[in-house]
Amino acid sequence: MATQTFQLTMQAGPNPGKVFSLDKAEISIGRDENRDIFILDSGVSRKHAHLTMQGNVYTLEDLGSTNGTHVNGQRLTAPKALQPNDVILLGDKVRLLVVLRQDDPEATVQAVAPVVPASAPPRPAPQPPPPQPGGYGYSAPASRRPAPAMRPQAAEKKLLNTPVIMGAIGCVTLLCIGVLLALWYIDANYLWCTAIPFIPGCP
């Protein structure tokens, strides 16, 4: 059979989120370390308020605190029965929420077993990636290898030698043409003996 227990959860104050279980018939609240619910805050009096179990509910009473006790925005001037979700304000900073918790001692927690596939196919072994161009162990085919770059000095020397070679070829060509024209002129005017007097047959 489920049982009901009350507890107070601090929404604002020195320890937000802290839970105080109400497990006694009479519970004292205050800044004094001897209080059942000890709250270290300057706005809380040493003996601030008192909780008393009456029937199935708790009744809250202010004990003449300096800054007062409020429930749902109303300052207490007389004992008040608390309901779940009531908001208690102690002074001007500490805010507590009344929570009703349902406890079922017969409830059992069952662990959920993880679902495992009946026959999961084996994962293939990872293959090493192919070598990338420029990476370790990569060699480009001979047909795709780039031609070696010409050194700057060799290229400059080749450019400088080109006009010299062309000039020499031009000079040799002109010289050959001049010789052929001279021979043609000598032969056309029968000047062999004049040009070359030591030829056999010349007077």
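## Contacts around I39

Contact here means heavy atoms within 4.5 Å. With that in hand, take I39 in this predicted model. Leaving out residues up to four places away in sequence, I39 touches M10, P14, F20, I29, G30, R31, V44, L90, V94 and L96. I39 sits in the loop between β4 and β5, and at 1% relative accessibility it counts as buried, because the cut-off for that class is under 20%.

One of those partners, P14, is 25 residues from I39 in sequence, yet their C-alpha atoms are 7.6 Å apart in space.

## The overall layout

Zooming out, the protein chain has two helices and eleven strands. Going along the sequence, the order is β-β-β-β-β-β-β-β-β-β-β-α-α, with the strands ahead of the helices. Helix α1 covers residues 152-188.

Some whole-chain numbers to keep handy: 21% of the 203 residues count as buried, and the accessible surface comes to about 15600 Å². Carbon and sulfur atoms own 60% of that surface. Among contacts with a separation of 6 or more, 37% join residues 24 or more positions apart.

## The nonpolar core

In soluble globular proteins, nonpolar side chains tend to be buried together. In this model, the largest nonpolar core has 22 residues, and the members touching the most others are L8, I39, L51, L60, I88 and L96. Several strands feed this core with at least two residues each: β1 (3-12), β2 (19-22), β3 (26-30), β5 (49-54), β6 (57-62), β10 (87-90) and β11 (94-103).

What does L8 touch, not counting residues up to four places away in sequence? The list is K18, V19, F20, L22, I37, L51, I88, L96, L97 and V98. L51, I88 and L96 from that list are also among the core members with the most partners. As for L96, it turns up in the contacts of I39 too.

## T9 and A78

T9 is placed in strand β1. Is T9 buried or exposed? Its relative accessible area is 18%, so it is buried, given the under 20% cut-off. Setting aside neighbours within four places in sequence, T9 is in contact with G17, K18, V19, R95, L96, L97 and V99. K18, V19, L96 and L97 also appear in the contacts of L8.

A78 is found in the loop between β8 (74-75) and β9 (80-81). At 42% relative accessibility, A78 is partly exposed. Its C-alpha atom is separated by 8.6 Å from that of L60, which lies 18 residues away along the chain. L60 is one of the core residues that touch the most other members.

## One salt bridge, zero disulfides

Side chains of opposite charge can pair when their charged atoms come close. How many salt bridges does the structure hold? There is one, and it joins the side chains of K24 and D36 at 3.1 Å, N to O. K24 is in the loop between β2 and β3, while D36 is in the loop between β3 and β4 (37-38), so the pair ties together parts twelve residues apart in sequence. Both ends count as partly exposed: K24 at 41% relative accessibility and D36 at 39%.

Disulfides are a short story: with a cut-off of 2.5 Å between cysteine sulfur atoms, the count is zero. Two cysteines to look at are C171, exposed at 54% relative accessibility, and C176, partly exposed at 43%.

## A patch on the surface

L175, V179, L180 and L183 make a nonpolar surface patch of about 390 Å². L180 is in helix α1 and counts as exposed, with 59% relative accessibility against a cut-off of over 50%.

## Two asparagines with positive phi

For anyone checking backbone torsions, N72 and N85 are worth a look. Phi of N72 is near 55 degrees, a positive value in a residue other than glycine. N72 belongs to the loop between β7 (69-71) and β8, where it is partly exposed at 43% relative accessibility.

N85 also isn't a glycine, and its phi is positive at about 75 degrees. Where does N85 lie? It is in the loop between β9 and β10. N85 is exposed, with a relative accessible area of 58%.

Technical notes: Residues numbered from 1 in each chain as written. Predicted model: local features only at pLDDT ≥ 70, side-chain atom pairs only at ≥ 80, totals over all residues. Heavy atoms only, no water. Buried < 20%, exposed > 50% of the residue type's maximum accessible area, 1.4 Å probe, protein only. Core = buried A, V, L, I, M, F, W, Y, C linked by side-chain atoms within 4.5 Å. Helix = DSSP H or I, 4+ residues; strand = E, 2+ residues; numbered from the N terminus. Areas by Shrake-Rupley, 256 points an atom, 1.4 Å probe, with all protein chains shown as cover. Salt bridge = Lys/Arg side-chain N within 4 Å of Asp/Glu carboxyl O. Patch = residues over 30% accessible without salt bridge, like charges linked within 9 Å, V, L, I, M, F, W, Y side chains within 5 Å.
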